[in-house]
Amino acid sequence: MPSPIIDLAGLTLEVNHLERGVRFYSDVLGLNLRRFDPDSGVAVLEVIPHQTLTLWQPITRQHNDPQLAVLGARGASHLHYAWQVAADDFEGCTARLDAHGVHWQRIELGTPERPDPGLYFFDPFGHGLEIRGVDLQDQRRPRLLPRRPSGKGHSLPIAGLREIALAFGDYPAMTRRLPRAYGFALASEQDDRNFAQFTLGPQPEQDGNGTPRRWLYAWDPQVGLAGMLGGDHALAHFYADVPEVRRSAGTEGLPLRELDGGRLAVRDPDGHVFVFQPLPPELEDPA
Ligand SMILES: [Fe+2]
């Protein structure tokens with residue numbers, strides 16, 4: 001049966017200074033600010049159309065999203081995640097990071113025949129970021145196509161979110177639960193460490209080699225490549241076949257919450273909250 005997960009819609013990060021977060025993500029990453037609400041400590045930035053990054057400065061006795069309060073949704077206090085850039089924009093990214101005074105590390109993830117480098121750096125709050133090149137002509141097509149930005153020549157030419165990496169305290173239980181309770185498509189596991197790759201799409205696919213697909217990586221608590229940590233109590237949004245996820249998560253007995261717009265929120269036993277939402281009508285396949 002195909003996975004009901006369609007694509008990555010967004011991610012929420014906890015920050016200790018909202019304005020500094022907006023500055024970093026607007027200037028260095030080039031994201032456009034769509035909502036700035038200092039009273040609730042929330043800023044929403046657009047990555048590409050229909051994909052967002054939310055910054056949340058936690059305020060005592062206040063929730064980032066009142067609809068999610070009953071599930072105790074937070075945002076990740078630390079997390080590793082990755083961005084897409086067009087493959088031929090990749091090499092120019094180091095000079096732009098240098099110009100912003102951001103220290104970076106380059107790690108080769110491909111092979112001598114087919115290089116696939118990653119650039120790793122940290123935001124001002126300790127979240128671990130990565131840049132990966134995407135082959136825009138690749139036949140593996142996510143529903144939200146990576147899109148090269150126009151303007152903001154001093155910023156990184158971000159074309160989409162690529163991956164999020166979450167930590168799970170009970171790794172074996174996670175590898176059973178994520179496919180069963182939500183339908184995430186398990187693509188592979190590594191031999192040498194607890195590291196599972198889930199394809200955010202209908203079928204498990206092979207990662208790497210410039211794929212434009214999006215990914216959920218799930219680890220046990222560990223320091224990964226370039227000193228990056230998996231996320232704690234993350235809040236992540238996915239486009240999905242919501243009725244299908246409701247059925248499987250309900251069968252699993254997980255705490256659910258119906259949200260407006262046909263969305264469904266589920267609190268995972270590891271403390272992450274996943275929001276599953278239908279595709280916006282303009283992205284639906286024409287009948
Ligand atoms: Fe990564």
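**Exercise 1. Identify the residue in E16 that is the bridge partner of Leu235, and describe how the two strands are joined.**

Solution. The bridge partner of Leu235 in E16 is Val273. This pair belongs to a predicted model, as does every feature discussed below. Leu235 is at the start of strand E13, which covers residues 235–240. Strand E16 comprises residues 273–277, and five bridges join E13 to E16. The two strands run parallel.

**Exercise 2. Place E13 and E16 within their sheet, and state which strands form its edges.**

Solution. The sheet is open and consists of eight strands, in the order E2-E3-E4-E1-E13-E16-E15-E14. In this order E13 stands between E1 and E16. The pairing is mixed. The edges are formed by strand E2 (32–37) and strand E14 (256–258), each of which pairs on one side only. On average, neighbouring strands are turned by 20° against each other, direction ignored. Helix H4 packs on this sheet and touches E13, E14, E15 and E16. The direction of H4 makes about 30° with that of strand E15 (264–267).

**Exercise 3. Describe the edge strand E2: how many of its six residues are buried, and how is it joined to E3?**

Solution. Begin with burial: E2 is hardly covered, and the count of buried residues among its six residues is zero. Next, consider the pairing. Strand E3 comprises residues 42–48 and is joined to E2 by five bridges, the two strands running antiparallel. Within this pair, Arg35 stands opposite Val44 in E3. Finally, E2 and E3 form a hairpin with four residues between the strands, where Gly41 takes a positive phi near 75°.

**Exercise 4. Determine how helices H3 and H4 are oriented to each other, and which residues make their contact.**

Solution. Two packed helices are described by the angle between their axes and the distance between the axes. Helix H3 spans residues 171–182 and helix H4 spans residues 242–251; they pack at an angle of about 130°, with their axes 7 Å apart. Angles over 145 degrees would count as roughly antiparallel, and 65 to 115 as roughly perpendicular. H3 and H4 are therefore oblique to each other. On the side of H3 the contact is made by Arg180, Ala181 and Tyr182, and on the side of H4 by Val245, Ser248 and Ala249. These residues divide into four nonpolar, one polar and one charged.

**Exercise 5. Compare Asn209 and His233: where does each lie, and is each buried or partly exposed?**

Solution. Asn209 has a positive phi of about 55° although it is not a glycine. Asn209 lies in the loop between strand E11 (195–199) and strand E12 (215–219). His233, likewise not a glycine, has a positive phi of about 30°. His233 is found in the loop between E12 and E13. For burial, the threshold is 20 or more other C-beta atoms within 10 Å. His233 has 20 such atoms and is therefore buried. Asn209 has 14 other C-beta atoms within 10 Å, so Asn209 is partly exposed.

**Exercise 6. Decide whether the radius of gyration of the protein chain agrees or disagrees with that of a compact globule.**

Solution. With 287 residues, a compact globule would have a radius of gyration near 19 Å. The protein chain has 18 Å, which agrees. Along its principal axes, the C-alpha trace spans about 50 × 45 × 45 Å. The chain contains four helices and 16 strands, and buried residues make up 43% of the 287 residues. Among contacts with a separation of 6 or more, 65% are accounted for by residues 24 or more positions apart.

Definitions and conventions
Residues are numbered from 1 along each chain as its sequence is written. This is a predicted model: local features need pLDDT of at least 70, side-chain atom pairs count only at pLDDT 80 or more; totals for chains, interfaces and linings use all residues. A residue is buried if 20 or more other C-beta atoms lie within 10 Å of its own, exposed if 12 or fewer, and partly exposed in between; C-beta atoms are placed from the backbone. Axes are lines fitted to C-alpha atoms, for helices over the stretch in contact, and angles run from 0 to 180 degrees between N-to-C directions. Angles under 35 degrees count as roughly parallel, over 145 as roughly antiparallel, 65 to 115 as roughly perpendicular and the rest as oblique. Two residues are in contact if their C-beta atoms, placed from the backbone, lie within 7 Å. Ala, Val, Leu, Ile, Met, Phe, Trp, Tyr, Cys and Pro count as nonpolar, Asp, Glu, Lys and Arg as charged, and the others, Gly among them, as polar. Two strands pair if DSSP finds at least two bridges between them. The radius of gyration is taken over C-alpha atoms; the globule rule is 2.2 Å times the number of residues to the power 0.38.
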